[in-house]
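Colleague: I'd like a close look at a single part of this protein. Could you pick one helix and walk me through how it sits among its neighbours?

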Amino acid sequence: MAAPSELRMDQLPSDPLLHILSFLGFRDLIQRLNELSKHNPLWKLLCSKHWLLTDADRLQSGVSWYCLFKQYYNDLGRYLQYYPVLRRAWEQLKSFLQQRCPRMIASLKEGATEAELNDIEAQIGFRLPDDYRCSYRIHNGQKLVIPGLMGSMSLSNHYRSEVLLDVETAAGGFQQRKGMRRCLPLTFCFHTGLSQYMALQPAEGRRMYESFYPCPDQTARDPSVIDMFITGSCFLEWFTSYVNNVVTGEYPIIRDQIFRYVHDKSCVATTGDITVSVSTSFLPELSSVHPPHFFFTYRIRIEMSSSASPEAACQLDSRYWKITTSDGNVEEVQGPGVVGEFPVMTPGKVHEYASCTTFSTPSEYMEGHYTFHRLANKEEVFHVDIPRFHMVCPPFREPAERTLREPYAETPFPDADCEYGERGSDREDADNGDDDGDRDDADERDDDDGGNDGDDFGNLRGINMAALEGAWCPRHI
């Protein structure tokens, strides 16, 4: 049953109210109505609704529900429409982290004060949106530590972990340079220099308060031209959608870190006793809009049912892929093993690995199969389906003005047999043009390949494009 809608006093008809009040003496009008308006059960409901307060909170405060509501309203009243949503998101996130990533809890900072946020606004010369201020009243980001609260990614020799910046550090990286005017960093990665930003004013093609990854336009005449991968329409939507993905298990936890792989529940296929499922992720730091180069990683889980008979044990021999881009091009690729490995599957066994691929179109899908043979009978060969999975980059936007270089020559990428694996010389058969950048979950580690200086983003570093030039990966499947 739907909750009753909240009524305001001015919505009630005046005549019936005045008729009722006409029967009361002046003492009742002054004293009794005042007492009823402070009735504790009424304010307990309002404290729970707007401030998520409990009986324990009231007992600790030592005041009535009415007084407690007044205290919170005097301090946080400007955030009334945002506070319950953001407070609930933070509580859900902390409860989840306490169970799955307890060391991350210690990195969270206490909330900022109104005076501190006002000082930041004076420092940067722009108003912070109320949803951002509200969240930072609850927690002022996190300490500059690894792992970052806003997700990690580890693939071959590439590692990313984004810290949710405290407001003081963010203010130090506030942008007023051409191409990034009036942009406040939300996150930062020590290893790549990657940050997500929030636009505090509409400028250079950005919409007010939307969040984005900046992406330098490598084809523009002006080096300050920045394309944008959009990650949220406002801080509230950006933060709460991320928290929802974490607490619902959409993002997996791998060695006490949040990995931003997205799993489509339809991306599961079962062949006999073996089930294959796929999760994907877009890597903005290795992608560009101009020239079009979209980098994805995908994680595959192969599992044999625990109820399978021992005679069903088998070994993976090869893989086959059919790749279809959004412009209709189809490519077929096959090769031995995965990541140079040939996993043996027995009842209850799980094998996971990650790989990567790039496309010149913003969306595409892959599907295929593995070839296995039975351990008890090598002549018994069979296929296991890999479900179709889609890879779609986030929406992107060009700046308001961009002028191409003249003459324009597209940045060349390495040949298709370039190596992006963690094993150095461990590479797939070059004859099939397919280098597998896969890595087993056991091989995933926090590779610290940082230390390169990138573009100067105030006190923070920008995307280190020079460090990424050798990381372009035309096809790793």
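Modeller: Here is a walk along helix α5, with its surroundings after that. Keep in mind that this is a predicted model. Helix α5 takes in residues 65–76, 12 residues in total. From its first C-alpha to its last it reaches 16 Å, close to the 16 Å expected at 1.5 Å a residue. Now, which residues of α5 are buried? They are W65, Y66, L68, F69 and L76. These buried residues lie on the same side of α5, because they cover an arc of only 160° around the axis. The general background is simple: an α-helix has 3.6 residues a turn, so residues three or four places apart point the same way.

What do those buried residues pack against? Their partners are α3 (40–51), α4 (55–61), α6 (83–100) and α9 (130–138). One of these partners, α6, has 18 residues that should span 26 Å at 1.5 Å a residue, and its end C-alpha atoms are 25 Å apart, which agrees. Helix α6 has its own buried set: Y83, P84, L86, R87, A89, W90, L93, F96 and L97.

Stepping back for context, the protein holds 12 helices and 26 strands. Of its 477 residues, 49% count as buried. Among contacts between residues at least 6 apart in sequence, 66% join residues at least 24 apart. As for the outside, the accessible surface comes to about 22,400 Å², with 51% of that belonging to carbon and sulfur atoms.

Conventions:
Residues numbered from 1 in each chain as written. Predicted model: local features only at pLDDT ≥ 70, side-chain atom pairs only at ≥ 80, totals over all residues. Heavy atoms only, no water. Helix = DSSP H or I, 4+ residues; strand = E, 2+ residues; numbered from the N terminus. Expected span 1.5 Å × (residues − 1). Buried < 20%, exposed > 50% of the residue type's maximum accessible area, 1.4 Å probe, protein only. Arc of directions from axis to C-beta. Contact = heavy atoms within 4.5 Å. Areas by Shrake-Rupley, 256 points an atom, 1.4 Å probe, with all protein chains shown as cover.
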